[in-house]
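Here is a short report on one protein chain. Look at the model first, then read on.

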Amino acid sequence: MTLARFVPCLALTAFVATAAFAQDAARDDRIAALERQVQVLTEEIAKLRTESAVPDEQPLASEHGLGPAASKVYARNRGASIGGYGELNYTNPIDDEGTNFARADALRLITYLGYKFNDRIVFNSEIEFEHGRTGPGSISAGTGEVSVEFANLDFHWKPELNFRAGMLLMPMGFVNEIHEPPYFYGVLRPETEVRLLPSTWRELGAGIYGQLGETFEYRAYVTTGFNAAGFGSDGFRSGRQNGNRAFAEDAAFVARADWSPDRLPGLELGGAFYYGGADQEQAGRPDANLWIGEFHAQYRRGGFSSRALFAYTGLSNAGALSTALGKAPTAGIAQNMLGGYFELGYDVWPLLFGESEEQALEPYARIEFIDTQHDVPNGFVRNLNQDYWVLSTGLSYFPHPNVVLKAEYRNEHAESGLRPDQIALGVGFAY
């Protein structure tokens with residue numbers, strides 16, 4: 001081969017070899033890129049599987065007056081939210097038991113369902129299953145129930161002013177809005193928050209809520225009122241309408257304010273006021289207007305916890321209403337009722353076992369006084385069995401901040417007649 005023919009052939013061979021090398025390098029780059037993409041996708045799928053089975057645990061925190069677990073939907077960016085709580089207990093009268101028996105109860109199993117449409121509109125709800133079953137009662141007790149505890153739409157505008165409508169938890173006391181078992185002492189709720197602030201108390205209505213500055217929070221609603229047909233010598237609990245085709249002839253107004261001063265971290269001071277008609281324009285009933293006022297204080301810091309609450313009520317035309325409802329002379333509806341309690345608790349786990357981020361052991365004691373016959377109308381006689389003290393002491397063990405095992409002893413002493421003392425055990429959780 002002549003030099004003139006050899007050079008072009010050598011150049012062609014070099015070009016072909018270079019092109020082939022370049023193709024191989026490009027192919028290797030594509031393969032490497034694909035491998036990286038596969039690795040990323042594999043990691044994302046594994047993460048989604050893990051989060052679906054065991055979601056990343058986020059600390060629960062109360063927002064807009066609702067319980068910590070009930071507030072999960074507000075922390076979402078968008079879409080659905082599921083939470084809940086449960087409580088099961090055992091109660092055993094041990095003195096002055098009368099006709100009361102030891103019982104075990106699947107008291108409540110709750111599901112919170114929420115949906116965040118966008119940053120401005122949030123739906124939130126609580127569906128409750130009580131006493132383990134519905135339909136015909138068991139051989140030992142009546143039936144349970146499924147009910148809607150709250151179901152409201154929140155319209156967020158700005159921190160100072162937002163709007164809420166639907167089935168609303170009445171913003172009174174400690175327990176009515178925040179009744180998840182890890183967040184109150186005792187297997188059983190305080191008597192004042194059962195009879196005078198009848199937890200769980202909800203009505204249909206609408207209102208506003210917000211926060212003024214960093215320390216002041218409020219809620220104010222207009223709702224359906226009580227139905228006085230359910231009032232009794234032991235309080236207002238059976239007068240709740242609960243959104244069940246509620247009479248809406250008489251409305252009610254309720255407002256609450258809480259202040260958490262900067263200079264005393266852990267302290268909360270607040271109060272609430274309710275006023276509303278209760279006769280609901282029913283034939284044969286006199287006008288009956290009810291007001292309830294309560295003041296509360298709470299201090300939590302370190303392992304120390306304390307609460308105090310006082311409630312007082314006034315009912316107009318209590319005598320005429322009692323007569324119209326056919327109340328016996330010793331079962332009249334009082335013009336005024338009152339109740340209150342004070343409790344202390346302390347986490348002793350660090351003292352006994354060292355510091356723990358999850359576990360706590362909190363003994364507590366509560367003293368409570370309640371009188372639902374404080375001032376009865378003329379023609380009726382005070383039922384002194386409804387004028388009584390409750391001394392409670394117990395222990396709450398938290399193996400996890402949202403799981404609690406409880407033990408409680410309650411001693412009740414009435415001005416007249418017997419009230420059962422009892423021990424109670426319970427388990428509760430929120431998620």
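The accessible surface of the chain comes to about 21800 Å² (Shrake-Rupley method, 1.4 Å probe). Carbon and sulfur atoms hold 60% of that surface. This is a predicted model: local features need pLDDT of at least 70, side-chain atom pairs count only at pLDDT 80 or more, and totals for chains, interfaces and linings use all residues. Residues are numbered from 1 along each chain as its sequence is written, and side-chain values use heavy atoms, with hydrogens and water left out.

**Overall form**

The chain has 4 helices and 16 strands (DSSP runs: H or I of at least four residues for helices, E of at least two for strands). Its radius of gyration, taken over C-alpha atoms, is 31 Å. The globule rule (2.2 Å times the number of residues to the power 0.38) gives 22 Å for 431 residues, so the chain is more spread out than a compact globule. The C-alpha trace spans about 135 × 55 × 50 Å along its principal axes. Of the 431 residues, 43% count as buried (under 20% relative accessible area, 1.4 Å probe, protein chains only).

**Pocket and cavity**

A cavity is a set of points on a 1 Å grid where a 1.4 Å probe fits but cannot get out. A pocket is an open set with protein on both sides within 12 Å along at least five of seven lines. Lining residues have an atom within 4 Å of a point. A volume is the space filled by probe spheres set on the points. The structure holds 3 cavities of 30 Å³ or more.

| Site | Volume | Nonpolar | Polar | Charged |
|---|---|---|---|---|
| Second largest pocket | about 1400 Å³ | 12 residues | 16 residues | 19 residues |
| Largest cavity | about 40 Å³ | 4 residues | 3 residues | 2 residues |

The second largest pocket is lined by 47 residues. Asn89, Asp105, Leu107, His131 and Leu188 lie nearest its centre. Strand S2 gives the most to this lining, with 6 residues. The lining of the largest cavity includes Glu87, Asn89 and Lys406. Strands S1 and S16 (421–430) each supply at least two residues of that lining.

**One residue: threonine 330**

Where is threonine 330 found? It sits in the loop between helix H3 (318–324) and strand S12 (336–346). Threonine 330 counts as partly exposed because its relative accessibility is 47%, between the 20% and 50% limits. Not counting residues up to four places away in sequence, threonine 330 touches Gln373, Val381 and Asn383 (heavy atoms within 4.5 Å).

Key. Ala, Val, Leu, Ile, Met, Phe, Trp, Tyr, Cys and Pro count as nonpolar, Asp, Glu, Lys and Arg as charged, and the others, Gly among them, as polar.
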